[in-house]
Amino acid sequence: MASHLFIDSGSLFFKPNHQDKSTDVALAKSLAIIECLNFMHYDAIGLSTHDLQLGIHFLKKLETEATFPFLSANIVDTTSGALAFTPYTTVKKGNVHVGIIGITGDAATDADSSFTIQNWQTALNRTLEQLPADIDIIVLLSNLSHNDNIRVAKQYPDIPIILESGQSSPARQLQLTDNTIITHTPKEGKYVGELKIDWHPAKLWGTPDRSLIELKNEIDRLNWFKSRIEKRGGASETYKDNPTALDDYNKKMNHLQTLQTELARRTEQKEESKDIVYSTYQQILHPLKPTIVDEPQTAEILKNSRKATQSLRRNSDILKRFDVYSGSKSCQQCHKSIYSTYQKTRHATAYRTLVNKSDDNNPNCVFCHVTGLPERLAYLQTQIPERLQQVGCETCHGPGKQHIQEPQTYKLTQSVPATTCLICHTEDHSDDFNYPRDVGLVH
């Protein structure tokens, strides 16, 4: 029978925006997260440096509401000299006794002086000695850099799984280093990571032929790259203006074909060992699409959290921020043809796309779908006036209220630089954006 272990490795909680007068908003949001994780029957979380930005006492307050431990083997309370949090926990899943350790990365130089971060090697040595002797498998929730996690894998062969929360950010394939899996879930909560494990007493992964695993990983990486290019219309279309990149792509595809031939040959020749039963693993990343139906109880928790935080942030003075923007309709009188063309663009309906997906209150999305709201003030999404609920003229050309009143005195930006567009047209959200081609589509 399958057993499930629910864990996370850091960066779960909210710090207050510099506009907030206290930590009340961060606390309200974080308590909602705790309530959801309790409902999901989480087993443990590892603490990251981001979680520490409001200090130990903030996290301690949250921990009292959690039904699971906050783990860190190297956050030390400077007042007492003792560990500030539980270094490890153990759980029984089916017939497997699991030990879970948390390690926090180095804190920023301006971090709260109420704690220090102990050297990870010292902390790991101490914690591994404390683990019960009957532990079958150890999982490290690591907030270290990817390079440090590789060092852990090589230095501590008794740790077969490292789940990293990533001070190194790019999404990467699951990696097997010596006898340790190193993996993480991509950023921004777009996926839920599932690691399926069939664990055996030999405590060795997969196959004695480690190079075969590396061969498969390289094939997976190149196939992933190939699929991205195909989604853009194929290599000829994607690189039509860049022959050097097209040549590089063709070399990669030739290399992929060579690797696939080699894999087929070696798979046919491979004989499984009869003496050792190896443990196996499979990683699956489940994309969190808007079509997935929300779980009713967690949806209610988050709904109530939004109401609470909106109430805390409500301040009539904030509305003055939007007074300098007049809205795109006010441009129509002097720029009729441009306004008419603009109305046919996706910019004009950008906010409506969020409403249709029920994402209009999502601060991670909304600032790129409206006018006059920078990312640092995305928490004001509920107070955006209707006239600014689209990517309007003023998004690119600047606030227009004074220009409308005195057009000869107050000039707006006419030639919009690529840097303005790239604030929102990032690779994550608009990977086919081409400034020379697309800027002319706006008007």
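The following exercises, each with a worked solution, concern a predicted model of a protein.

**Exercise 1. Overall composition**

Task: State how many helices and strands the protein has, and what share of its residues is buried.

Solution.
Step 1. The protein contains 15 helices and 13 strands.
Step 2. Of its 443 residues, 37% are buried.
Step 3. Contacts between residues at least 6 apart in sequence may also be considered; 66% of them join residues at least 24 apart.

**Exercise 2. The sheet of six strands**

Task: Determine the order of the 6 strands in the open sheet that contains β8, and identify its edge strands.

Solution.
Step 1. The order is β5-β6-β8-β9-β11-β10, and the pairing is mixed.
Step 2. The edge strands are β5 (88-93) and β10 (175-177), each of which pairs on one side only.
Step 3. On average, neighbouring strands of this sheet are turned by 25° against each other, direction ignored.
Step 4. Helix α3 (residues 120-130) packs on the sheet and touches β5, β6 (96-103) and β8. The direction of α3 makes about 155° with that of β6.

**Exercise 3. Strand β8 and its partners**

Task: Describe how β8 is joined to β6 and to β9, and decide whether the residues of β8 are buried or exposed.

Solution.
Step 1. On one pairing, 6 bridges join β6 to β8, and these strands run parallel. Within this pairing, Ile100 has Val139 in β8 as its bridge partner.
Step 2. On the other pairing, β8 (residues 137-142) is joined to β9 (residues 161-164) by 4 bridges, again with the strands parallel. Here Leu140 has Ile162 in β9 as its bridge partner.
Step 3. In a regular strand, side chains alternate between the two faces of the sheet. In β8, Ile137, Val139 and Leu141 point one way, while Ile138, Leu140 and Ser142 point the other way.
Step 4. The residues on both sides are buried; the count for β8 is 6 of 6.

**Exercise 4. The sheet of three strands**

Task: Explain why β1 and β3 each have one side without a neighbour in their sheet.

Solution.
Step 1. The 3 strands form an open sheet in the order β1-β2-β3, with parallel pairing.
Step 2. β1 (7-9) and β3 (70-71) stand at the edges and have a single partner strand each, so one side of each lacks a neighbour in the sheet.
Step 3. The pairing of β2 (residues 44-46) with β3 consists of 2 bridges. Gly46 stands opposite Leu71 in β3.

**Exercise 5. Asn149 and Pro157**

Task: Classify Asn149 and Pro157 as buried or exposed, and locate each residue.

Solution.
Step 1. Asn149 lies in helix α4 (residues 146-155), whereas Pro157 is found in the loop between α4 and β9.
Step 2. Asn149 has a relative accessible area of 0%, and because buried means under 20%, Asn149 is buried.
Step 3. Leaving aside residues up to four places away in sequence, Asn149 touches Ser142, Leu144, Ile162, Glu164 and Ile182. Of these contacts, Ser142 belongs to the residues described above for β8, and Ile162 is the partner of Leu140.
Step 4. The relative accessibility of Pro157 is 55%; exposed means over 50%, so Pro157 counts as exposed.
Step 5. Pro157 and Asn179 are 22 residues apart along the chain, and their C-alpha atoms are separated by 6.4 Å.

**Exercise 6. Two residues with positive phi**

Task: Describe the phi values and the surroundings of His41 and Lys203.

Solution.
Step 1. Most residues other than glycine have a negative phi.
Step 2. His41 has a positive phi near 60°, and Lys203 has a positive phi of about 60°; neither residue is a glycine.
Step 3. His41 is found in the loop between α1 (24-39) and β2. Lys203 is found in the loop between β12 (191-198) and α5 (210-231).
Step 4. His41 counts as exposed at 61% relative accessibility, while Lys203, at 38%, is partly exposed.

**Exercise 7. The second largest pocket**

Task: State the volume of the second largest pocket and describe its lining.

Solution.
Step 1. The volume is about 570 Å³.
Step 2. The lining has 20 residues, of which Cys331, Cys334, His335, His403 and Leu412 are the closest to the centre of the pocket.
Step 3. The elements that give two or more residues to the lining are α9 (336-342), α12 (393-397) and α13 (401-405). The greatest contribution comes from α12, with 3 residues.
Step 4. By class, the lining comprises 8 nonpolar, 10 polar and 2 charged residues.

Key. Residues are numbered from 1 along each chain as its sequence is written. This is a predicted model: local features need pLDDT of at least 70, side-chain atom pairs count only at pLDDT 80 or more; totals for chains, interfaces and linings use all residues. Side-chain values use heavy atoms; hydrogens and water are left out. Two strands pair if DSSP finds at least two bridges between them. Axes are lines fitted to C-alpha atoms, for helices over the stretch in contact, and angles run from 0 to 180 degrees between N-to-C directions. Contact means heavy atoms within 4.5 Å. On a 1 Å grid over the protein atoms alone, a cavity is a set of points where a 1.4 Å probe fits but cannot get out, and a pocket is an open set with protein on both sides within 12 Å along at least five of seven lines; lining residues have an atom within 4 Å of a point. Grid points are joined across faces, edges and corners, and a volume is the space filled by probe spheres set on the points. Ala, Val, Leu, Ile, Met, Phe, Trp, Tyr, Cys and Pro count as nonpolar, Asp, Glu, Lys and Arg as charged, and the others, Gly among them, as polar. Buried means under 20% relative accessible area, exposed over 50%, partly exposed in between (1.4 Å probe, protein chains only).
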